[in-house]
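Biologist: I'm new to this structure and would love a close look at one part of it, the nonpolar core. Could you walk me through it and then show me what lies around it?

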Amino acid sequence: MNAIEISRLTRVFGERVAVQDLTLAIPAGSVFGFLGPNGAGKTTTVRMLAALIAPSSGSALVAGHELGKENEQIRRAVGILTETPGLYDRLSARQNLLFFARLYGLDGQKAEGQVERYLRMLDLWERRNDRVGGFSKGMRQKLAIARALLHEPEVVFLDEPTSGLDPEAARTVRQFIAELRSEGRTIFLTTHNLHEADELCDQVGVFRTRLLRVDTPANLRVGMFGRGTVVRVVGEAEHWLETARALPFVGGVVANKDSLTVRLNDPDYQNPMLIRALITAGAQVRYVEAISHSLEEVYLGLIDGQAQTKPDGQLQEERK
Amino acid sequence: MRNVLIVLKKEWLEITRQRSLLLGVTLPPLIFSLLPIVLMIITGKVPVAATRINTISALPIPSLAHLSPDELAQGVVALQFSVLYLILPVIIPSVIAAYSIVGEKSNRTLEPLLATPVKTWELLVGKCIAAILPAVIATWLSGVIFIGALSTFSISPRVFTAVVTPGWLVALFLWTPVISLLAVAFMTAVSARVNDPRTAEQFSAWFVVPFLILFLGQMFGIIVLGIFFSLLALLVLIVLTFAAFWVVTRLFQREVILTRWK
């Protein structure tokens, strides 16, 4: 079952297209990473899906509710962490959360209970009566996350949840996101931190005005650069170039100093045969490792590829 | 209605936590309540110099034409003061609305707020009530204190009846909520274009101009705050308020706030 189903969602501001023909399905209980450069249309997409602004065309089902027709139900079913925490500095942490809990329809004891639950969960209970204006950036971000979860939403939109946080605070937030997933919530995570996306997301979508690619982080890496093996030998790897090339299952070989990079379509099965052939030919194998590419390389490859295909080379900036 | 009360409660909680805002809201009514008492006592006890009597008598104020020179001196002070009360429903809601709406925008709290199921009209009504209720209560209270001071310290009942006219009473009690609403509508419209509460407050200063015209108009006898004038002005104010809220309800929509507000 999908928590979010988007079909050809488009948003135009005047003559500028912010989001174009976005079609996507996000399974319930998964973490979806929405990656893209600044001004790519990510915030506009989140705002549309959270029923804050209307799409120009296209449709979407969010938590089973139809965008445009059941906006109030959508707002009740989703939680959103906006780009900036947006907290009332003069009110205490508890007062901030109570205000939002009540607006989400929680009453009396239920509201108090939820506020306590999330303040404790995010280690803010001891500071509950302190004014938020005196909180550190990390504490403010945690409080904003708590606010997004008070009403136990099915779908949570997190826009740059670890942006500007110190490593310790960022780790706490990441652990919390992982906990949310284990509770079965669907998380739509907008981030520039590709390591974070790699660590947390079941699926990632690379986006710039339109969706460039969507897959699991692992499949994206393979899909972009293919699979293969790096064999490091004693001496110049160039000596064993022909040996490798002669093998029928090898897709391509490159030698560089002591490394032989071999492209394979099924390394798990083909590696033993490759290594046996090299050793038989006299190579002294020191290490064998899988070709690895980071999500960052995949992301930059996709974004650069799209930028090059744009006729005017201009990148559209999203209106904030 | 539940959400309106939630918003209202939060607004007042915030107001009570801002010293400068509290000062801006409480100081003008406090001054406007104490000053007339002091002035009524002074003008009632200290005889007016002959040269000043001539100057005051030269003021063409029809409603005070029948007063004696000493009554006239007190009447002029009281009459001008009576108009100042009509500025309170401009000042107080403008100060509150500037912080309540522009402040919300500059602190970036509007988007999380709009992401909740609250309806935009509930938000607007909550903020309006939070801004106009203190203004209406403070103005009415100050006005009642003024009436009490005038009845206690006026030289003669003729001064009292010359100042506390049916026209002025209509202005004090009926104009006040309408002017407050108009001021909030004006500030909401300003909020769409400015990002700083102080800038918004500066815009609200222009709103005082019609009341200065009324003040000067009365002083020079051009305007007489009679019952007909007051009721006609009330009608105009109501029409203006409806028109202003027609514009404001279109400005205060999720889509417009998030995509068109600067």
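Modeller: Happy to! Let me start with what a contact is here: two residues are in contact if their C-beta atoms, placed from the backbone, lie within 7 Å. Please keep in mind that this is a predicted model. It scores ipTM 0.81 and pTM 0.80, and chain B averages a pLDDT of 83, with 93% of its residues scoring at least 70.

Now to the core itself. The largest nonpolar core holds 150 residues, and those touching the most other members are A:Leu97, A:Phe157 and A:Phe188. Chain B takes part as well: its helix H9, residues 166-191, gives the most to this core, with 14 residues.

Let's zoom in on A:Phe188. Once its neighbours within four places in sequence are left aside, A:Phe188 is in contact with three other phenylalanines, A:Phe32, A:Phe34 and A:Phe157. Its remaining contacts of this kind are A:Ile4, A:Ile26, A:Val46 and A:Val155. A:Phe157 is thus a name to remember, as it appears both here and among the residues that touch the most other core members. Apart from this core lies another one, of 13 residues, including A:Val231, A:Val262, A:Leu264 and A:Leu278.

Chain A also has strands worth a visit. Four of them form an open sheet in the order S2-S1-S4-S5, with antiparallel pairing. At its edges are strand S2 (16-27) and strand S5 (65-66) of chain A, each pairing on one side only. A:Ile26, which we met as a contact of A:Phe188, falls in that edge strand S2. At the other edge, two bridges join S5(A) to strand S4 (residues 57-62) of chain A, and A:Val62 has A:His65 as its bridge partner.

Further along chain A there is a hairpin. Strand S9 (residues 203-208) and strand S10 (residues 210-215) of chain A run antiparallel and are joined by five bridges. A:Arg208 has A:Arg210 as its bridge partner, and the one residue between the strands, A:Thr209, takes a positive phi near 65 degrees.

Finally, here is where the two chains meet. The contact takes 26 residues from chain A and 21 residues from chain B. On the chain B side, the elements that give two or more residues are helix H1 (2-16), helix H6 (110-114) and helix H13 (254-259). H1(B) gives the most, with five residues. By class, this side of chain B has eight nonpolar, six polar and seven charged residues.

Conventions
Residues are numbered from 1 along each chain as its sequence is written. Chains are lettered from A and ligands numbered from 1 in the order in which they are written. This is a predicted model: local features need pLDDT of at least 70, side-chain atom pairs count only at pLDDT 80 or more; totals for chains, interfaces and linings use all residues. pLDDT is the predictor's confidence in each residue, from 0 to 100. Helices (H or I, at least four residues) and strands (E, at least two) are DSSP runs, numbered from the N terminus. Ala, Val, Leu, Ile, Met, Phe, Trp, Tyr, Cys and Pro count as nonpolar, Asp, Glu, Lys and Arg as charged, and the others, Gly among them, as polar. Two strands pair if DSSP finds at least two bridges between them. A nonpolar core is a set of buried Ala, Val, Leu, Ile, Met, Phe, Trp, Tyr and Cys residues joined through C-beta atoms within 7 Å. A residue is buried if 20 or more other C-beta atoms lie within 10 Å of its own, exposed if 12 or fewer, and partly exposed in between; C-beta atoms are placed from the backbone.
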